Amino acid sequence: MDLRSSVSLLLLLGVCSGLHGQVRTHPLNVVGSINFLIEGDILIPKKRTAMKCLKNAYSCLWSKSANGWVDIPYRLSSKYDNSEKRVIVNAMKDFEYKTCIRFIQRSTQRMYLSIEPRLGCSSTLGRTGDKQVVSLQRFGCVRRGIVQHELLHAMGFYHEHTRSDRDRYVKINWNNIKKYFVYNFDKKDTNNLGTPYDYSSVMHYGRTAFGKLGAETIIPIPDSSVPIGQRHGLSDIDIRRINRLYKC
Ligand SMILES: [Zn+2]
């Protein structure tokens, strides 16, 4: 049996209604593959972008304290071993060194990230107003770049290849995408924060993401040899974007 196509994921995930802090939870079926684990993935409450949510009374962004830090409370599952915890915490520290985002251990805060080893790597988009799960499965998702990728979703960022102006920078090979995953390539009405398209973003998919039999689905244009899909860590433009969105 082909392992790549045999892994089915059924994730029960909280999706925010986006209305004044009320959170509605409903099940969402996500069928995936090993690619799903490697690329990381996102649950997008359908009508939300960073820009739109800023206009609502209820914001999907994390709020800034009087001291200038944007504190994001988190709780780390005890199912991780010490070395996994270290990878996750070090990935968080990077944000603190380079931006005004600070991950703090949750005490009694109502809104926080619960980082748990569920099936696959996934996160909801932006702050949902309550406990929100960031899934980092053991043996697959506990890697610096993937941790940072999922945390960026929780901070309100989409995938780079879905941003509004992507067609000037990448060509999507629609015929090569596995049918069920086509939605992963839909363009979003994104707030690009005046930053250039970033092939080196940790939020960019790799060129064979969700491809049939490893076929290429995303081709950089005009130079198709430009590397995409790195998961080493935050790019310079990722950092600039955080600083702009959160006015660091
Ligand atoms: Zn993702």
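Helices and strands here are DSSP runs, numbered from the N terminus. With those labels, Pro222 can be placed in the loop between β12 (218-220) and α6 (236-245). The model is a predicted one. In this model the peptide bond joining Ile221 and Pro222 is cis, with omega at about 0°.

The loop between β11 (170-172) and β12 holds Leu193. Phe210 has its place in the loop between β11 and β12 as well. Leu193 is not a glycine, yet its phi is positive, near 60°. Phe210, also a residue other than glycine, has a positive phi of about 55°. Are these residues buried or exposed? A residue counts as buried if 20 or more other C-beta atoms lie within 10 Å of its own, and as exposed if there are 12 or fewer. Phe210 has 25 other C-beta atoms within 10 Å, so Phe210 is buried. Leu193 has 15 C-beta neighbours inside 10 Å and therefore counts as partly exposed.

The next part concerns two helices. Helix α4 covers residues 82-98 and helix α5 covers residues 144-154; their axes come within 9 Å and cross at roughly 60°. Because of that angle, α4 is oblique to α5. The crossing in which α4 passes α5 is right-handed. On the α4 side, the contact is made by Val87, Ile88, Ala91 and Asp94, and on the α5 side by Arg144, Val147 and Gln148. Sorted by class, the contact of α4 with α5 has four nonpolar residues, one polar residue and two charged residues.

Ile88 of α4 leads on to the interior. The largest nonpolar core has 33 residues, and those with the most contacts inside this core are Ile88, Leu136 and Met155. Which elements give two or more residues to this core? They are the strands β6 (70-76), β7 (101-105), β8 (112-116) and β10 (131-136), together with the helices α4, α5 and α6. The largest share comes from α5, which gives five residues. Met155 can be followed further: leaving aside its neighbours within four places in sequence, Met155 is in contact with Trp62, Ile101 and Ile242.

There is also a second, separate core, made of eleven residues. Among them are Val170, Phe181, Ala209 and Ile228.

Methods. Residues are numbered from 1 along each chain as its sequence is written. This is a predicted model: local features need pLDDT of at least 70, side-chain atom pairs count only at pLDDT 80 or more; totals for chains, interfaces and linings use all residues. Axes are lines fitted to C-alpha atoms, for helices over the stretch in contact, and angles run from 0 to 180 degrees between N-to-C directions. Helices (H or I, at least four residues) and strands (E, at least two) are DSSP runs, numbered from the N terminus. Angles under 35 degrees count as roughly parallel, over 145 as roughly antiparallel, 65 to 115 as roughly perpendicular and the rest as oblique. A crossing is left-handed if the near helix is turned anticlockwise from the far one by less than a right angle, and right-handed if clockwise. Two residues are in contact if their C-beta atoms, placed from the backbone, lie within 7 Å. Ala, Val, Leu, Ile, Met, Phe, Trp, Tyr, Cys and Pro count as nonpolar, Asp, Glu, Lys and Arg as charged, and the others, Gly among them, as polar. A nonpolar core is a set of buried Ala, Val, Leu, Ile, Met, Phe, Trp, Tyr and Cys residues joined through C-beta atoms within 7 Å.
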